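Got the structure open in your viewer? Take a look around, then follow the stops below.

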Amino acid sequence: MTTSLRIGLAGLGTVGIGTYKILAGQADMLRDRCGRPLEVVAVSARDKSKDRGVDLSDVRWADSVHAMARDPDLDVVVEMIGGADGDAYDLVRDALDHGKHVVTANKALIATHGVELARRAEEKSLTLAYEAAVAGGIPIIKSLREGLVANKVSRIIGILNGTSNYILTTMEETKRPFEDVLSEAQALGYAEADPTFDIDGTDAAHKLSILTSIAFGAEVAFDAVRCEGIEQISPLDFQYAAEFGYRIKLLAIAEEGEGGLLQFVHPTFVPAETPMADIDGVYNAVVVEGDAVGRTVYEGRGAGEGPTASAIVADIADVARGQAQPVFLTPVAKLQPYRQGDFDARRGKFYLRLSVKDRPGVIAQISRILADRDVSIESILQKGTEADGAVVVVLMTHQSSEKAIADALAGIEALDDVMQPSCRIRVMEL
Ligand SMILES: NC(=O)c1ccc[n+]([C@@H]2O[C@H](COP(=O)([O-])OP(=O)(O)OC[C@H]3O[C@@H](n4cnc5c(N)ncnc54)[C@H](OP(=O)(O)O)[C@@H]3O)[C@@H](O)[C@H]2O)c1
């Protein structure tokens with residue numbers, strides 16, 4: 001008789017319960033596909049008495065994550081608690097140290113401690129898998145590690161955070177301001193009570209740093225992601241974006257730059273006719289450009305019970321079939337130290353929105369400052385007077401460097417006739 005894979009589930013929230021439902025509800029199908037039963041032997045969460053809407057009476061309750069990590073009856077521990085440190089970290093580290101495979105949905109953990117944990121896993125030939133941590137139900141880790149293994153990747157572009165994408169899509173559709181749409185998203189359960197990591201780009205940066213490591217063979221460098229959130233986007237920006245032929249998305253981009261790698265998360269003007277521009281609401285998408293395959297595009301639900309649990313179970317199935325992979329595709333011992341490229345030298349087009357006093361000569365002053373930094377203007381729009389007597393001036397530049405734009409903006413904002421804050425959005429070209 002084939003032996004079952006004995007599973008411990010730590011965390012019984014949205015993802016944990018979703019995973020239990022699939023493992024219990026699709027047990028026969030999964031047994032046939034994996035060649036052995038996938039059996040949930042133990043579970044753990046904070047509150048044993050909580051009604052979780054599923055029958056867990058046949059499953060052993062582990063009183064702590066420490067007990068689960070040491071449980072000799074488990075082959076694999078699934079961490080669905082969350083957080084870069086604390087119990088989630090302790091559980092994953094201890095489970096590996098006690099010879100158990102680990103599956104996790106935790107991007108903060110992998111982005112922060114991934115290399116160290118991968119080293120522990122690889123030393124013992126154990127699996128540390130995290131498909132659910134990036135882009136939810138989209139099998140992007142599997143695609144990079146398996147389907148695209150033959151490729152040298154030159155660029156990854158992702159919409160990796162469903163909450164911010166939902167907010168941007170709703171702002172564009174309803175012409176309502178950021179704060180208003182964020183409150184509604186919280187009321188509807190699309191945004192957390194504390195949405196900071198979603199809207200300031202941190203969540204997307206965690207995910208990007210993981211993809212970068214796999215795709216470019218470098219150690220995970222979350223701190224090296226240059227990150228801007230969506231807080232400064234106004235309904236006006238969507239209107240101007242449409243006039244120029246673009247939509248606004250929070251993109252996460254990793255690419256080869258001058259002297260090394262560049263990782264960015266920032267709001268971006270995306271050409272309206274491209275697939276990325278059509279990714280709306282809570283959906284995620286990833287574009288991977290490889291030297292042999294060219295451009296590939298992946299799209300799907302980036303979060304939620306079903307999609308996330310789907311990715312977790314895929315990792316569990318790999319463990320059941322004995323399909324261990326190096327954690328970041330390149331074995332940890334051969335990962336390169338992260339080489340930081342030159343952010344200032346990166347070139348592209350920029351959209352600038354300025355609020356200026358309605359006085360003669362202001363536009364001439366702005367144009368002069370831009371020209372002094374070699375920034376040439378592709379188009380300029382001036383719209384009607386606002387209630388405070390200001391006019392909105394919108395500029396689209398030709399190709400310029402990050403440094404030239406930053407210097408020019410500093411000069412422009414120092415002018416007496418320019419009101420704060422101005423807005424700069426990078427423009428994606430294809
Ligand atoms: N939700 C998504 O759509 C999604 C998508 C992709 C990745 N993820 C990741 O998946 C993980 C879980 O997310 P979630 O949305 O399922 O969170 P959640 O609904 O808040 O559930 C967290 C679970 O962890 C348990 N827990 C907290 N501290 C614990 C501890 N010290 N020991 C044992 N259990 C503990 C909680 O117990 P109680 O229930 O008793 O309080 C709860 O069951 C996170 O890393 C998240 O980033 C989530």
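What follows is a short walk through a predicted model, stop by stop.

**Stop 1: the ligand**

Select the ligand and then show what surrounds it. You should find 24 residues there, and the closest are Gly 11, Gly 13, Gly 82, Ala 105 and Ala 303. Try colouring this shell by class: 10 residues are nonpolar, 10 are polar and four are charged. Which helix gives the largest share of the shell? That's helix α1, residues 14-25, which supplies three residues.

**Stop 2: the six-stranded sheet**

Next, switch to a cartoon view and look for an open sheet of six strands with parallel pairing. Reading across, the order is β3-β2-β1-β4-β5-β6. The strands on the edges are β3 (60-61) and β6 (128-129), and each of them pairs on one side only.

Now zoom in on β1 (residues 5-10) and β4 (residues 76-79). These two run parallel, and four bridges join them. To see one partnership up close, select Ala 10 and look across to β4, where its bridge partner is Glu 79.

Keep the sheet in view and add helix α12, residues 305-320. This helix lies across β1, β2 (38-44), β4, β5 (101-104) and β6. Its direction makes an angle of about 165 degrees with β5.

**Stop 3: strand β13 and its partners**

Move along the chain to β13, residues 347-357. How many bridges join β13 to β15? There are seven, and β15 (residues 390-397) runs antiparallel to β13. For one example, select Ser 355 and find its bridge partner in β15, Val 392.

Then check β17, residues 418-427. This strand also pairs with β13 in the antiparallel sense, over seven bridges. Click on Leu 352 and you'll see Arg 424 of β17 standing opposite.

There's also β16, residues 400-401, which pairs with β13 in the antiparallel sense over two bridges. Here Arg 347 has Ser 401 as its bridge partner.

**Stop 4: helix α7**

Select residues 162-174, which make up helix α7. You can do a quick check on this one: at 1.5 Å a residue, its 13 residues should span 18 Å, and the C-alpha atoms at its ends are indeed 18 Å apart.

Is α7 mostly covered or uncovered? It is mostly covered, with 11 of its 13 residues buried. Those buried residues include Gly 162, Tyr 166, Leu 168 and Glu 172. Show the neighbours too: the buried residues of α7 pack against β7 (153-159), α8 (178-188), α9 (196-199), α11 (235-244), β9 (246-257) and β11 (283-290). Just after the helix, click on Lys 175, which takes a positive phi of about 60 degrees.

Stay in α7 for one more residue, Thr 169. Why does Thr 169 count as buried? Because 20 other C-beta atoms lie within 10 Å, and 20 is enough to meet the cut-off. Leaving aside neighbours within four places in sequence, Thr 169 is in contact with Asp 280 and Gly 281. Now measure across to Ala 309: the two are 140 residues apart in sequence, and their C-alpha atoms are 25 Å apart in space.

**Stop 5: Asp 94**

Finish in helix α4, residues 86-97, by selecting Asp 94. This residue is partly exposed, because it has 18 other C-beta atoms within 10 Å. Not counting residues up to four places away in sequence, Asp 94 touches His 66, Ala 69 and Arg 70. For a last distance, pick Ala 185: it is 91 residues from Asp 94 along the chain, and their C-alpha atoms are separated by 37 Å.

Terms used. Residues are numbered from 1 along each chain as its sequence is written. This is a predicted model: local features need pLDDT of at least 70, side-chain atom pairs count only at pLDDT 80 or more; totals for chains, interfaces and linings use all residues. A residue is near a molecule or strand if its C-beta atom, placed from the backbone, lies within 6 Å of it. Ala, Val, Leu, Ile, Met, Phe, Trp, Tyr, Cys and Pro count as nonpolar, Asp, Glu, Lys and Arg as charged, and the others, Gly among them, as polar. Two strands pair if DSSP finds at least two bridges between them. Two residues are in contact if their C-beta atoms, placed from the backbone, lie within 7 Å. Axes are lines fitted to C-alpha atoms, for helices over the stretch in contact, and angles run from 0 to 180 degrees between N-to-C directions. The expected span of a helix is 1.5 Å times one less than its number of residues. A residue is buried if 20 or more other C-beta atoms lie within 10 Å of its own, exposed if 12 or fewer, and partly exposed in between; C-beta atoms are placed from the backbone.
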